[in-house]
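Biologist: Please take one part of this model and describe it closely. I would like to hear about the place where the chains meet, and about the sheet that lies there.

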There are 2 protein chains.
Amino acid sequence: MALQNKKVSDAVIKRLPRYFRYLSDLKENGVLRISSKALSEKMGLTASQIRQDLSCFGGFGQQGYGYNVELLYNEMKKILGVDRGFGTIIIGAGNLGQAIANHAKFEARGYFLKGIFDVNPDVIGDSINGIEIYPMEELEGFCKRESIDVAILTVPREVTAKVADFIVSLGVKGIWNFSAMDLRLPDEVVVENVHLSDSIMVLGYKIKNI
Amino acid sequence: MALQNKKVSDAVIKRLPRYFRYLSDLKENGVLRISSKALSEKMGLTASQIRQDLSCFGGFGQQGYGYNVELLYNEMKKILGVDRGFGTIIIGAGNLGQAIANHAKFEARGYFLKGIFDVNPDVIGDSINGIEIYPMEELEGFCKRESIDVAILTVPREVTAKVADFIVSLGVKGIWNFSAMDLRLPDEVVVENVHLSDSIMVLGYKIKNI
């Protein structure tokens, strides 16, 4: 993937998991080859958009023959790091943390849940989906022992910044942040904020204005 | 708000809940007035971006005086329909449905949870955060009796399309969809897809490419 290091726009990056999702479905349904037109209709994009998006990574299509589904699926896995895999922890074993821990599909996408951390003695020692809940005191040792790339933060808003700073100091490279707070961290740390309340409010705006 | 019906871009719409969030914090902290420069630094946007965004709705700033926090907060509430309120149900009382039902902050944003629906007899009759879980058979009557604008879908992927079609037939105007499936519904129905797995995969791409 010689072209992979060129700057890819955020809009394209955000669409990559959708390609992965649709290609994974096509593969499961036994589809071997698909035209950019047919793929575009499935995905609700234009064919030229798809060609442009994939050209950021070297193309993969053959003029007149469309895309080889398995090949493109495997390339998408590499591009998204699914083949590499990411050691993952959840901090905060409340409802949302539990829901995420039970969401088995993350493994198929390369996110291997190694541990869950919480401060609540009532849940420490329990397991969710086979993964143990550890006390926060063990977080530092755990991150040093295991190779942890990604921390999923489902802690209360008021402690989010503190916890984020701490895990960054332990070498975590990416934070999936569910608290309604935009984190400011060093440039080498990647943050994806999931502001659930922001998302439902967009719905309300659109209902009012449709 | 004479200008409110003009076409506002998706990028601006997506930022509106963030304005609401920051203004709500400023108001709670007793801030009465804020310049577009200070607000932009807090929000990580440029001052001209903020002026442009707000100009879609009529402006609200006074040259040299900045924004009146309470006034702008109240306008944002109107723009997002927080003052109007949206009758809301959750369909699917699994972990994610429960996490959302426990997320009390949705009420402060205008989303009033009226009922939760599931097919599992083990949970029907239980309450989450004071809201009862009803059997799916009661959904039709419930939607006719209560005024339901928004349905939050946390059902398994394979039944999502069928459930979505059904609730649209019952007059629901907006769907907040958590299944990893892009819904295709009539134009007058608003859908916000929350593809959690897509979001974590963006994180992995960025970790690999930083």
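**The contact between the chains**

Modeller: In this predicted model, a turn of 180° with a shift of 0.0 Å along the axis lays chain B on chain A with an RMSD of 0.0 Å. The two copies are thus related as by a two-fold rotation axis. Of the interface residues of chain B, 100% are also interface residues in chain A, so the copies meet through the same surface.

The contact takes 71 residues from chain A and 71 residues from chain B. The size of an interface is often given as the accessible area lost when the parts come together. Here chain B and chain A bury about 5900 Å² between them, and 62% of it is on carbon and sulfur atoms. Within chain B, the residues that lose the most area to chain A are I200(B), M201(B) and Y205(B), which together account for 13% of what that side buries.

Helix 9 of chain B, residues 196-209, lies across strands of chain A, namely strand 3 (86-91), strand 4 (111-118), strand 7, strand 8 and strand 9. The helix runs at about 165° to strand 9 of chain A.

The sheet of chain A is open and mixed in its pairing, with 7 strands in the order 5-6-4-3-7-8-9. Strand 5 (127-128) and strand 9 (190-193) of chain A stand at its edges; each has a single partner strand, so one side of each is left without a neighbour in the sheet. Strand 7 (residues 150-153) and strand 8 (residues 174-177) of chain A pair in the parallel sense over 4 bridges, and I152(A) has W176(A) as its bridge partner in strand 8 of chain A.

In chain B, strand 3 (residues 86-91) pairs in the parallel sense with strand 4 (residues 111-118) over 6 bridges; L113(B) is the bridge partner of T88(B) there. Strand 3 of chain B is also joined to strand 7 (residues 150-153) of chain B by 4 bridges, again running parallel, with L153(B) as the bridge partner of I91(B). Strand 3 of chain B is mostly covered, 6 of its 6 residues being buried. F86(B), T88(B) and I90(B) point one way from this strand, G87(B), I89(B) and I91(B) point the other way, and all are buried.

As for cysteines, the structure holds 0 disulfides over all chains. C143(A) is buried, at a relative accessible area of 8%, and C56(B) is buried, at 13%.

Note on methods. Residues numbered from 1 in each chain as written. Chains lettered and ligands numbered in written order. Predicted model: local features only at pLDDT ≥ 70, side-chain atom pairs only at ≥ 80, totals over all residues. Heavy atoms only, no water. Disulfide = S-S within 2.5 Å. Buried < 20%, exposed > 50% of the residue type's maximum accessible area, 1.4 Å probe, protein only. Pairing = 2+ DSSP bridges. Helix = DSSP H or I, 4+ residues; strand = E, 2+ residues; numbered from the N terminus. Contact = heavy atoms within 4.5 Å. Axes fitted to C-alpha atoms, helices over the stretch in contact; angles between N-to-C directions. Least-squares fit on C-alpha atoms with pLDDT ≥ 70 in both. Buried area = accessible area lost by both parts, 1.4 Å probe.
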